[in-house]
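Colleague: I have a few questions on how the helices pack. Could you take me through them?

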Amino acid sequence: MKVLVTGVAGQLGYDVVNELAKRNYEIVGSDVAPEYNGIVNDEVTKNMEYVSMDITDKEAVNNIIESVKPDAVVHCAAWTAVDMAEDDDKVALVKAVNVDGTQNIADACKKIDSKMMYISTDYVFDGQGTEPWDPDCKDYKPMNVYGETKLGGELAVSNTLDKYFIVRIAWVFGVNGKNFIKTMLNVGKTHDKVTVVCDQIGTPTYTYDLARLLVDMIETDKYGYYHATNEGGYISWYDFTCEIYKQAGYTTEVAPVTTEEYGLSKAARPFNSRLDKSKLVKNGFTPLPTWQDALARYLKEIEY
């Protein structure tokens with residue numbers, strides 16, 4: 001099988017390429033940079049052909065995907081700077097990447113009858129209540145520009161293709177890029193006390209674990225909407241920080257605050273990021289390990 005992966009310089013794209021390489025698939029990786037600028041290892045350098053592709057350029061996307069003729073496209077590229085997306089001068093650009101760029105890829109996949117996997121987010125919902133969101137729930141009420149554009153990408157895929165996977169994830173961390181864990185480790189080094197919100201509830205997602213599941217999925221024809229985060233129970237960002245410091249051996253004090261008390265975010269954040277993942281098991285997929293176990297492996301990976 002030949003697989004094209006977009007956004008290979010990001011956290012998830014990098015791990016998807018590595019998982020595909022382990023299974024000896026033919027890999028074409030793409031990102032907007034002229035040359036690959038993510039972490040380099042033997043799996044990447046030996047097994048991936050890199051092509052520069054601006055997903056907002058419809059003609060370029062068509063030409064590249066028609067030339068590569070992948071059996072599946074794993075679309076990891078996205079605008080993910082949630083607060084910056086709220087800036088008036090960025091809204092059009094965020095839409096161009098997350099909606100129009102996704103539409104370009106879906107259109108190209110349709111032409112060559114390729115499977116497509118789109119990575120989405122809990123932000124497509126309104127983040128209220130306490131019930132876990134069902135993957136097939138259509139009660140969309142995004143609360144910020146990022147969520148609106150990721151929903152637009154979902155609809156671009158589902159309205160264009162029959163052979164698609166839409167996988168919503170949350171609280172992502174991986175080795176190739178910035179994330180909450182790296183931020184909190186750096187802050188904890190220089191502060192005796194940190195304050196972290198305690199009223200936003202969800203579950204972390206380790207891209208190394210997620211990549212295995214995504215490749216499992218594209219090996220099948222079990223199309224549709226899915227939710228995928230690590231197991232281990234629902235927690236707050238405060239809970240997550242406490243466990244990060246515990247496992248890293250930090251003595252930094254962690255103080256819980258409400259989102260209102262914290263008050264620093266430009267974009268509204270969901271209080272309820274609980275995602276119901278039971279559909280994975282129903283369709284024969286192996287769930288991800290617990291987030292506690294994922295965190296331990298991640299800290300070892302980044303040498304903490």
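**Two helix pairs**

Modeller: In this predicted model, α4 passes α5 in a right-handed crossing. Ask away.

Colleague: Are α4 and α5 roughly parallel or roughly antiparallel?

Modeller: Take α4 as residues 91–112 and α5 as residues 145–160. Their axes come within 9 Å and cross at roughly 15 degrees. Angles under 35 degrees count as roughly parallel. Therefore α4 and α5 are roughly parallel.

Colleague: How many charged residues are in the contact of α4 with α5?

Modeller: On the α4 side, the contact includes K95, D107 and K110. On the α5 side, it includes K150. The contact also has eight nonpolar and seven polar residues. The number of charged residues is four.

Colleague: Now α8 and α11. What is the relation of α8 to α11?

Modeller: Helix α8 covers residues 237–248, and helix α11 covers residues 291–301. Their axes come within 10 Å and cross at roughly 45 degrees. An angle under 35 degrees would count as roughly parallel, and 65 to 115 as roughly perpendicular. Roughly 45 degrees fits neither range, so α8 is to α11 oblique.

Colleague: Is the crossing of α8 and α11 right-handed or left-handed?

Modeller: F240, E243, I244, Q247 and A248 of α8 meet α11. The α11 residues there are W291, Q292, L295, A296 and L299. The crossing of these helices is right-handed.

Colleague: How many nonpolar residues are in that contact of α8 with α11?

Modeller: F240 and W291 are among the residues that meet. Two residues in the contact are polar and one is charged. The nonpolar residues number seven.

How values were computed. Residues are numbered from 1 along each chain as its sequence is written. This is a predicted model: local features need pLDDT of at least 70, side-chain atom pairs count only at pLDDT 80 or more; totals for chains, interfaces and linings use all residues. Side-chain values use heavy atoms; hydrogens and water are left out. Axes are lines fitted to C-alpha atoms, for helices over the stretch in contact, and angles run from 0 to 180 degrees between N-to-C directions. Helices (H or I, at least four residues) and strands (E, at least two) are DSSP runs, numbered from the N terminus. Angles under 35 degrees count as roughly parallel, over 145 as roughly antiparallel, 65 to 115 as roughly perpendicular and the rest as oblique. A crossing is left-handed if the near helix is turned anticlockwise from the far one by less than a right angle, and right-handed if clockwise. Contact means heavy atoms within 4.5 Å. Ala, Val, Leu, Ile, Met, Phe, Trp, Tyr, Cys and Pro count as nonpolar, Asp, Glu, Lys and Arg as charged, and the others, Gly among them, as polar.
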